[in-house]
Each structure stands twice: as structure tokens, then as C-alpha cells.
Amino acid sequence: MRKTSALPQGPAVPPRPSETYAPQYFLASVGAGGLAVTFFMYLMFWIPHVGRPVPVFGDIQAAFLSGTPALQGMILIALFGIAGFAVLNLRALAWNLSRLKPFLSSERGKALRASNAESQLMALPLALAMSVNMLFILGLVFVPGLWGVVEYLFPLAMAGFLAIGVLAFRLLGGFLGRVLVHGGFDCSKNNSFAQILPAFGFAMIGVGMAAPAAMSQLTLTAGLSLIFSTFFLITAALIAGLAMILGLRAMMEHGAAQETAPTLMILIPLMTILAILTLRQGHGLHSLFGGHTAPADTLMSLTRFLSVQILFGLLGLMVLARQGYGARFLWGAEASPGSYALVCPGVAMSVLLQFWINKGLVASGLIAKFGLAYWALSGVAVAFQIAMIALLIGLNRKHFGAQPANPAAPA
């Protein structure tokens, strides 16, 4: 019998970048949760919610039934946006949780835990805290009557955030315990702001912990909220300050690391989180403890936070442009999970702009609510939101979708 030749084998299909797992993929969940918050800003500032610091199901229903077609359309967009990105947030969180344990037991995971990159594990409590905050928004928006039992939920929420805080301190303690006792931290490879990620995580826990201070009518609940949220605020501020100094020194000597260059803008989401945290604390101090803040003080505080964001945004964009980051990792052939860190700054700018416009400019009388200047500035916030939606969709397609015929290996 004549031998039949084997069929020719084509080139092996390369794996999706997401199949090479890294804890930075938790930022995909954080980014989706942040986008859900940007849609909640529509409801927060564009429909009335008299007597409550946040809109709830009843406020949204009343505004929809009595509103103009334009208002009804806005509400529908907000609701679909919140629901859609909440699903993406929870799905990405579940996927990361399923991949994290096998990764940590692998050789790559062990190598990560022996390097500077061990601090990347702080993306886990960051993502958990983001999802808890987002679940609270889902309850306010979609669950009728939730506000009537919210005082019972606040202690549970604080307990949940405390549990996440304990996890965060255990992870950070493992990292700091290793490098402070045994050394091994490579300062030459610390040429980014990657070490500020733990501060972002603690700030996210703190802003969730501060929610009862702004919303509870019980002095004890609000007081505990103020105390715990202040502790996490100070923790985040100290870590961010020290990490920024160490990172800047390494970058001045070695240049910014190209793959982790997006972390240069991590202070942008950190500023938004800390700004909201202080606003929540200020509302609680005003309502229950006699601490009054003038609208001009709020305007100046928010303007300072926004100024920091603009400065570090310009710095980050300058470095990314000179390095050709976008051509390499965004629309180029290479892929890096660190690219998801670019979603958070745009989302944070959109959210803080909404607070600056409404709690700063409008409240202090600089512009009229729903006037021409109001909508022009709000349009800038919406533009950031739309850009980040496009970026997240593009990154999800690049990292989780079908791959091109000859993609480069993930970085």
C-alpha cells in the first residue's frame, strides 16, 4: 500500500493575551465599575432628589414619569449604562478570581511574589472595593424601597469594607515584610508609579467606608464611618507620597518603564476617590456634628484636586506619546494588561468634573445650573466618559477577543 502523506499543519494559533494571566487584569473590572459610576452621575446631578444626598429608585421613577422626552432618554441611557457596565464589572471580577489562585501557585506567580511586582496583588482588594461600591449604586437605582432599610445596610457595608481592608493590609504586609526584613526591592526597576497601586486600593476602601457618614441619620453609624474612612484616607495618602518619591527618583535615573508608563496617571483616579471621600465626610460633619463647610471652600478643595489631575495627566500623556505607547500596546500588535490602567484616569476625570461643576461652580454661584456654560463643561465630562468606553471595549477585544493571524506575543 502506498503511504499517504500527512496533511500539512498550519502555524499554531497563538493564545489570547489574557491567557497569560497577570493580576493587573483586575483593573478591567475596576474600569468597568468606574464607567457604571459615570452613568450614575447623570442621575446624581440631573434629576431632583430632595431630602436625600443621592437619587434612589423613587426619585428616578418620578423624574421619568413627569419628565420631558429628553430627560426620559437620559434616564434610560443612565440605567442601561449602569446595568451594562455593572455586568462587565462583576464578570471581569469573577474571571480574575478564578484565575488568581492557579496563577499564584505557578512559577510565574512565585516569581511575582519575589519581585517589586508583588504589590500588583493589591489590585485584588481594589477591585473588590470597587464592586461593593458599585453594588450599592445598583441597589439605590434598581431596588424599590431600599432607602427605607438603608440604616440596617450601612453596618453590613462597613463590615464588608473592613474585611477588604484586612485583606489589603495582609497583602501589603506580606510585601513590605519581605522587602524591609530581607531586602530585594530593586530600585532600578521601580521607574514608574506602580507602587502607588496600594494607595489606590486603600482609598477605594475608604470612600466606601465614608458613604454612611454622608447618608446615615444615626450619629454612631456616621461617627464610625468618619473614623474608619479617615484611617484609610491617611493610609492612602502616606503610601502615595512615599511611592511617588521613590518612583520619581528611579525614573529620573533610568527613564520611565514603557510597559508600566500608564501608572504615571494613577494619581488621577486617586485624587477623585479622595475628593469624594472628603466630600462625604464633610456632608456627615455638617449634618450631624455641626461642622459647616462653605460652598467656596468646597469649590477650592475640588479645584485643587482637579489641578493635580490635570498636571499628572499632562505628564503621563507626554511620556506615553514620546514612548509611542499607543502604537505599541493599544492599536499595535503587542498587548499588556497594564493598558487597563489607562481606563481609570479618564473615568476619574469625568466623575470629578461632574462634582466640580455641580458641587463647586454651581453651588458657589459661578455658573447657572443647566445653563450654556453648565452644559459645555458637562460635555467635557461626557467626552471623557465616551472615550473611556471606547478604550475599554478596544482593550477587551484585544485581550479577550479573537486574535489576528500573526499577533505579537503579549508583553
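**Close-up views of a predicted model**

**View 1. A salt bridge along helix α4.** E107 is exposed, with a relative accessible area of 62%. Keep in mind for this and every other view that the model is predicted. The side chain of E107 pairs up with that of K110 in a salt bridge, with 4.0 Å from N to O. That distance sits right at the cut-off, since a salt bridge needs the nitrogen within 4 Å of a carboxyl oxygen. K110 itself counts as partly exposed, at 47% relative accessibility. Both E107 and K110 belong to helix α4, which covers residues 107–112, and they are 3 residues apart, about one turn of the helix. Here is the geometry behind that spacing: an α-helix has 3.6 residues a turn, so residues three or four places apart point the same way.

**View 2. Salt bridges around E118 and R328.** A search of the whole structure turns up 7 salt bridges, and two of them are picked out here. In one, the side chains of E118 and R113 meet at 4.0 Å, N to O. Are its partners buried or exposed? E118 is buried, at 6% relative accessible area, while R113 is partly exposed, at 35%. In the other, R328 and E334 meet at 2.8 Å, again N to O. R328 is partly exposed, with a relative accessible area of 28%, and E334 is also partly exposed, at 23%. Going back to R113 and E118, salt bridges with shared partners join these residues and R178 into one network.

**View 3. Helix α3 and its bend.** Helix α3 takes in residues 69–105, 37 residues in total. How far apart are its end C-alpha atoms? They lie 55 Å apart, which agrees with the 54 Å the helix should span at 1.5 Å a residue. There is a bend along the way: α3 turns by about 30° at R99. A proline, P102, follows R99 within four residues.

**View 4. A nonpolar patch at the surface.** Which residues make the nonpolar surface patch of about 320 Å²? L176, L180 and V181 do. L176 is placed in helix α6, which covers residues 150–182. With a relative accessible area of 35%, L176 is partly exposed, and that clears the cut-off for patch residues, which need over 30%.

**View 5. Two aromatic pairs.** The structure holds 24 aromatic pairs. For anyone setting up the geometry, a pair of aromatic rings is described by the distance of the centres and the angle of the planes. Y25 and Y340 make an edge-to-face pair, with 6.0 Å from centre to centre and 65° between the planes. This pair links distant parts of the chain, 315 residues apart: Y25 is in the segment before α1 (26–46), and Y340 is in the loop between α12 (325–330) and α13 (343–362). Y25 counts as buried, at 0% relative accessibility, and Y340 is buried too, also at 0%. The pair of F169 and F202 is tilted instead, with 4.6 Å between the centres and 45° between the planes. F169 lies in helix α6 and F202 in helix α7 (residues 197–209), so the pair ties together parts that are 33 residues apart in sequence. F202 is buried, at 0% relative accessibility, whereas F169 is partly exposed, at 33%.

**View 6. An aromatic cluster and the phi of F370.** F39, Y42, W46, F85, F370, Y374 and W375 come together as one aromatic cluster. Look twice at F370, one of the cluster members. F370 has a positive phi of about 70°, although it is not a glycine. Where does F370 lie? The spot is the loop between α13 and α14 (372–400). At 40% relative accessible area, F370 is partly exposed.

**View 7. V347 and Q385, from separate stretches of the chain.** V347 and Q385 are 38 residues apart along the chain. How far apart are their C-alpha atoms? The separation is 5.9 Å. V347 is placed in helix α13. With a relative accessible area of 8%, V347 is buried, as buried means under 20%.

Methods. Residues are numbered from 1 along each chain as its sequence is written. This is a predicted model: local features need pLDDT of at least 70, side-chain atom pairs count only at pLDDT 80 or more; totals for chains, interfaces and linings use all residues. Side-chain values use heavy atoms; hydrogens and water are left out. Helices (H or I, at least four residues) and strands (E, at least two) are DSSP runs, numbered from the N terminus. Buried means under 20% relative accessible area, exposed over 50%, partly exposed in between (1.4 Å probe, protein chains only). The expected span of a helix is 1.5 Å times one less than its number of residues. The bend at a residue is the angle between axes fitted to the seven residues ending there and the seven starting there. Patches are made of residues with over 30% relative accessible area and no salt bridge: like charges are joined within 9 Å, nonpolar side chains (Val, Leu, Ile, Met, Phe, Trp, Tyr) within 5 Å. Accessible areas come from the Shrake-Rupley method with a 1.4 Å probe; for residues, only the protein chains shown count as cover. Rings of Phe, Tyr and Trp (its six-membered ring) pair if their centres lie within 6.5 Å; planes under 30 degrees apart count as stacked, over 60 as edge-to-face and the rest as tilted.
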